[in-house]
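Dear colleague,

Please find below the structure that I am handing over to you. My account of what was found in it follows directly after.

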Amino acid sequence: MTAQLLDGKQLAQDLRRQLRVARQALGSRPVRLVSVEVGQNPAADVYVRNQLRAAGEVGIEMEVSNLPLGTDEAQLVRAIEVLNERPEVAGVIVQRPLPPGIDPRVVQSAIAPHKDVEGMHPANMGAILYREPLLPPCTAAAAQHLIVSTGIDLRGAETVVVGHSEIVGKPIAVLLLHHLSTVTVCHVGTRRLIDHTRRADILVVAVGKAGLVHGDMVKPGAIVVDVGINQGADGRIVGDVHFASTVEVAGFLTPVPGGVGPVTVAMLLRNTLRAAGATV
Ligand code: NAD
């Protein structure tokens, strides 16, 4: 079997088209997304460039606030509080990684929950246990969207999520649980990963280790969503899933780059429009 590639670029473009319509429906009301970064980080700069381009396409104004290296946690929190007070600012995103000494949880908690377009404030994270919140975590929402786009009936499907971080693995597991799939979460403490991955109808890998999952660990025909972003030996970006061996076995596979990443950016913009009052 050769897997069908789940084209995140195409899905993101379709989403942006819908989002543009939702933006237009808000009329002349300003919709502003503010990105806050401390110091300069090449990885974050790539994300910001992608976000700027996508926001422009949808009609969302994006403001980039670069705070100098040396900004401490209290100063960053203060800067966020100022953004919380600005009525035209619909959403605030804090770029990671943050410098040592700044706790990302403190920073995320400082963002007003209704402006937390990354969906990582404890209030939004907690709300996910009840149902999908208005502002779900973007990467989890993207993984969900990619899986649903295959047309699979999630009810009863064996779903394995590898990775249990707060921002990726756990919210993905909970979102897929809402669809009544049978979810197993694997992590650094899992004894024999292959025993779990091999029975997955849906396999989501979010670890940050290039090539952790090989084709021989995948059930034939499975939907495989590769969230990982790693720098390969030759400098190219690769996922956590070994592409060449897995594409021979899986039914659907997200490429890296061009899979989860672009859809995650589209979800950030969707959350921004929702935060501004759009129904989308
Ligand atoms: P993290 O370091 O916070 O968490 C890693 C997780 O992997 C942990 O839950 C850990 O238990 C698990 N793990 C580590 N080694 C393992 C092993 N050998 N077997 C099974 N599980 C193991 O990372 P994160 O922030 O969740 O990010 C994971 C990956 O997703 C990274 O590559 C990151 O760059 C990427 N990411 C992508 C997007 C996107 O939009 N595409 C967004 C966020 C993160």
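I begin with the ligand. Of the 21 residues around it, those that come nearest are His 164, Ser 165, Val 188, Lys 209 and Ile 229. Please bear in mind throughout that this is a predicted model.

Three of these residues make polar contacts with the ligand through their side chains. In the case of His 164, an N or O atom of the side chain is 2.5 Å from an oxygen atom of the ligand. Ser 165 likewise places a polar side-chain atom 2.5 Å from a ligand oxygen. Lys 209 pairs with a nitrogen atom of the ligand instead, at 3.0 Å from an N or O atom of its side chain. On its own the ligand has 870 Å² of accessible area, and the protein covers 73% of this. Helix H10 provides the largest share of the surrounding shell, namely three residues.

The nonpolar interior comes next. The largest nonpolar core has 52 residues, and the members that touch the most others are Ile 172, Val 204 and Leu 273. At least two residues of this core come from each of the helices H1 (8-25), H2 (42-58), H6 (138-148), H7 (169-178) and H10 (260-275), and also from each of the strands S4 (89-94), S7 (202-205) and S8 (223-226). H10 gives the most, with eight residues. Both domain 1 (26-130 + 262-272) and domain 2 (137-260) contribute at least three residues to this core. In general, nonpolar side chains in soluble globular proteins tend to be buried together.

Val 204 may serve as an example. Beyond its neighbours up to four places away in sequence, Val 204 touches Ile 147, Val 160, Val 161, Val 162, Ile 172, Leu 176, Val 225 and Val 227. There is also a second, separate core of 18 residues, which includes Val 160, Ala 222, Val 241 and Val 249.

Helix H6 deserves a paragraph of its own. Because nine of its eleven residues are buried, H6 is largely enclosed by the rest of the structure. The buried residues are Cys 138, Thr 139, Ala 140, Ala 141, Ala 142, Ala 143, Gln 144, Leu 146 and Ile 147. They pack against H1, H7, S7, S8 and H10.

Two single residues complete the account. Pro 171 lies in helix H7. Its relative accessibility is 4%, and it therefore counts as buried, the cut-off being under 20%. Apart from residues up to four places away in sequence, Pro 171 touches Ile 128, Pro 137, Ala 140, Ser 165 and Glu 166. Among these partners, Ala 140 is one of the buried residues of H6, while Ser 165 is one of the residues that come nearest to the ligand.

Thr 150 is found in the loop between H6 and strand S5 (158-162). With a relative accessibility of 18%, Thr 150 also counts as buried. A polar atom of its side chain lies 2.6 Å from the backbone oxygen of Ile 147, and a polar side-chain atom of Thr 150 lies 3.3 Å from the backbone nitrogen of Ile 152. Leaving aside neighbours within four places in sequence, Thr 150 is in contact with Leu 6, Ile 223 and Phe 252. Thr 150 and Gly 258, which are 108 residues apart in sequence, are separated by 16 Å from C-alpha to C-alpha.

With kind regards

Conventions. Residues are numbered from 1 along each chain as its sequence is written. This is a predicted model: local features need pLDDT of at least 70, side-chain atom pairs count only at pLDDT 80 or more; totals for chains, interfaces and linings use all residues. Side-chain values use heavy atoms; hydrogens and water are left out. A nonpolar core is a set of buried Ala, Val, Leu, Ile, Met, Phe, Trp, Tyr and Cys residues joined through side-chain atoms within 4.5 Å. Buried means under 20% relative accessible area, exposed over 50%, partly exposed in between (1.4 Å probe, protein chains only). Helices (H or I, at least four residues) and strands (E, at least two) are DSSP runs, numbered from the N terminus. Domain bounds come from an automatic or database domain assignment. Contact means heavy atoms within 4.5 Å. A residue is near a molecule or strand if one of its heavy atoms lies within 4 Å of it. A polar contact is a pair of N or O atoms within 3.5 Å; within protein, one must be able to donate a hydrogen and the other to accept it, and residues adjacent in sequence count only if both atoms are side-chain atoms. Accessible areas come from the Shrake-Rupley method with a 1.4 Å probe; for residues, only the protein chains shown count as cover.
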